[in-house]
Amino acid sequence: MGCIGSSQANNEGGVKRKKLRKPKPWAHTEPITRAQLTNMREEFWDTSPHYGGQREIWDALRAAAEADLKLAQTIVDSAGVIVQNSDLSLCGDERGARYELPRYVLSEPTNLIREEGQ
């Protein structure tokens, strides 16, 4: 596992936390439906603990990814998540574990197929 940069390794002592922002727009390799996106997200979150790190941090990251920005900020701050990329795509914890989140769990693609009734 990679090490977290020392500038954010310790949030006590006045180190400024990164303010979260919305992820940049992105497109999937081919248009997908909401159901396909949901399946991709579920598969990622179901397997994420196998990538290393702490289960509690993965749970906090999932809650943050599914929340609005203000609540997401509160979640990561209270869980001790070290945000390296302000869109949550790369985070860490105080033990030096890395948590990489794919774009599809953070936002919808620009080429999401809108189905009838949505």
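**Reading a sheet, a helix pair and a pocket**

In this predicted model, Val83 stands opposite Cys91 in strand E3.

Biologist: Which strands does E3 belong with, and in what order do they come?

Modeller: The open sheet has three strands in the order E2-E3-E4, and their pairing is antiparallel. Strand E2 (82-83) and strand E4 (98-100) are the edge strands, since each of these pairs on one side only. Between E2 and strand E3, which covers residues 90-92, there are two bridges, and these two strands run antiparallel.

Biologist: At what angle do helix H2 and H3 pack, and how far apart are their axes?

Modeller: Helix H2 (residues 34-47) packs against H3 at an angle of about 160°, and the axes lie 10 Å apart. Because angles over 145 degrees count as roughly antiparallel, H2 is described as roughly antiparallel to H3. The crossing in which H2 passes H3 is right-handed.

Biologist: Where is empty space left, and what volume does the largest pocket have?

Modeller: The general idea is that a probe the size of a water molecule, rolled over the atoms, shows where space remains empty. In this structure the largest pocket has a volume of about 260 Å³.

Biologist: Which residues lie nearest the centre of that pocket, and how many line it?

Modeller: The lining consists of 15 residues, and those nearest the centre are Lys22, Pro23, Ala67, Leu69 and Leu106. By class, the lining holds nine nonpolar, two polar and four charged residues. Helix H3 (55-65) and helix H4 (69-79) each contribute at least two residues to the lining of this pocket.

How values were computed:
Residues are numbered from 1 along each chain as its sequence is written. This is a predicted model: local features need pLDDT of at least 70, side-chain atom pairs count only at pLDDT 80 or more; totals for chains, interfaces and linings use all residues. Side-chain values use heavy atoms; hydrogens and water are left out. On a 1 Å grid over the protein atoms alone, a cavity is a set of points where a 1.4 Å probe fits but cannot get out, and a pocket is an open set with protein on both sides within 12 Å along at least five of seven lines; lining residues have an atom within 4 Å of a point. Grid points are joined across faces, edges and corners, and a volume is the space filled by probe spheres set on the points. Helices (H or I, at least four residues) and strands (E, at least two) are DSSP runs, numbered from the N terminus. Ala, Val, Leu, Ile, Met, Phe, Trp, Tyr, Cys and Pro count as nonpolar, Asp, Glu, Lys and Arg as charged, and the others, Gly among them, as polar. Two strands pair if DSSP finds at least two bridges between them. Axes are lines fitted to C-alpha atoms, for helices over the stretch in contact, and angles run from 0 to 180 degrees between N-to-C directions. Angles under 35 degrees count as roughly parallel, over 145 as roughly antiparallel, 65 to 115 as roughly perpendicular and the rest as oblique. A crossing is left-handed if the near helix is turned anticlockwise from the far one by less than a right angle, and right-handed if clockwise.
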